[in-house]
Structures are given as structure tokens and as C-alpha cells.
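Work through the exercises below with the sequence and the 3D view open. Try each task before reading its solution.

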Amino acid sequence: MLPRTEFEMAENIRDFVVALDDNRLIGCGALHFYTPTSGEIRSLAVEPGLKTRGIGRSLVETLEAQARENDLHSLFAFTYVDGFFRKLGYEEVDRGELPLKAWKDCLRCPKFQACDEIAMLKRIKIVPAANHTSSGVILGHWGRNLS
């Protein structure tokens, strides 16, 4: 996880979902929007002693549902636990396919020159050809559903 300033945490707090057990935080994850049609699953963490109990899966599935509600077409994640994401339908991709991430967040990362995280991608919505204009621009919605 990247270090964050207090301002960045406050700015992104609404991206998070949490898992609680008797009011004790046992897991968290965030859905960060990058474009009107793509987002990142980030800051996914589960208390170490509680891994393999489905908490991470539940968090990701909740975030994926939010992504679908907001008409996102794809989600990506950078991870050291690629097997977990593979089980959820994500595929490994070259990090060069995700340039918004690299230029926005990765530039500040201490591992930028020697990143060892694995880029994973999941397409959650197939865009039919009818949604494309003759210029190739994909028509879609901007912003989040605030209801």
C-alpha cells in the first residue's frame, strides 16, 4: 500500500468499504474511479489471522457491485497475491496497459523503478458495438450514482 497523507485519506474515505466483526475492523478495500469506465480495486487488506475465510472475496464482490452500479466496464488491481484475483476472474496484464495508474500513483511509489506488483484486470461489462460512435468514441456515463 502506498503511503498517504491525512488529506489524501480524507479525500478518498468514501471509496472504502470495511468488514467488521463486533465493531472490530477486520478488512477494508476501496474502489477508485480512474475514467468514466474504469476503476481500481485498491487498499485491499484483511487481518492476517482471518485470511482464507472469504472476507477479501466479499470485499471485492461488494466493490465490483458498486462498479457495475456506476456503469464501469473494467477494474484493475496491482497485487502480490495474483492467485486471489485469478479466482475472482481477473487476468494478468502488462502494466503498460494501465497508464493512468502508472502516471498518477506509481510515480510517488518508492518501488517505481523496480515494481514487483502484478497488474490484474477484469472486464465487468461488455460494450456492444452499438455504443460506439463512428469516431470510435465510447458513449457512457460520467460520475457516480449518489443515491
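Read along the sequence, the pattern is α-β-β-β-α-β-α-β-α-β. Helices (H or I, at least four residues) and strands (E, at least two) are DSSP runs, numbered from the N terminus. The model is predicted, so to speak of local features pLDDT must be at least 70, side-chain atom pairs count only at pLDDT 80 or more, and totals for chains, interfaces and linings use all residues. Residues are numbered from 1 along each chain as its sequence is written, and side-chain values use heavy atoms, with hydrogens and water left out.

**Exercise 1. The whole chain**

Task: Find how many helices and strands the chain has, and what share of its residues is buried.

Solution:
- Step 1. Count the elements: 4 helices and 6 strands.
- Step 2. Apply the burial cut-offs: buried is under 20% relative accessible area, exposed is over 50%, and partly exposed is in between (1.4 Å probe, protein chains only). Of the 147 residues, 36% count as buried.
- Step 3. Look at contacts (heavy atoms within 4.5 Å). Take those with a separation of 6 or more: residues 24 or more positions apart account for 66% of them.

**Exercise 2. The sheet**

Task: Give the strand order and name the edge strands.

Solution:
- Step 1. Recall the rule: strands of a sheet pair through backbone hydrogen bonds, either parallel or antiparallel. Here, two strands pair if DSSP finds at least two bridges between them.
- Step 2. Read the order: β1-β2-β3-β4-β6-β5, an open sheet of 6 strands with mixed pairing.
- Step 3. Find the edges: β1 and β5 (91–92) each pair on one side only.
- Step 4. Check one pair. β4 and β6 are antiparallel, over 6 bridges. In β6, I118 is the bridge partner of T79.

**Exercise 3. Helix α2**

Task: Test the length of α2, then find what its buried residues pack against.

Solution:
- Step 1. The expected span is 1.5 Å times one less than the number of residues. For the 15 residues of α2 this gives 21 Å, and the end C-alpha atoms are 21 Å apart, which agrees.
- Step 2. List the buried residues: I55, G56, L59, V60, L63, E64 and A67.
- Step 3. An α-helix has 3.6 residues a turn, so residues three or four places apart point the same way.
- Step 4. The buried residues of α2 pack against β1 (16–21), β2 (24–35), β3 (38–46), β4, α3 (82–87) and β6 (118–123).

**Exercise 4. Just past the helix**

Task: Is N70 buried or exposed, and what does its side chain reach?

Solution:
- Step 1. Place N70: the loop between α2 (55–69) and β4 (74–79).
- Step 2. N70 counts as buried because its relative accessibility is 10%.
- Step 3. The N70 side chain reaches the backbone oxygen of Q66 at 2.8 Å.
- Step 4. Look at D71, just after α2: its phi is positive, about 60 degrees.

**Exercise 5. Two strand residues**

Task: Which residues does V18 contact, leaving aside neighbours within four places in sequence? Which does L121 touch, not counting residues up to four places away?

Solution:
- Step 1. V18 is in strand β1. The partners of V18 are L25, G27, C28 and L59.
- Step 2. L121 lies in strand β6. At 11% relative accessibility, L121 counts as buried.
- Step 3. L121 touches S74, L75, F76, G89, Y90, E91, V93 and L98.

Conventions: Polar contact = N/O pair within 3.5 Å; in protein donor to acceptor, adjacent residues only side chain to side chain.
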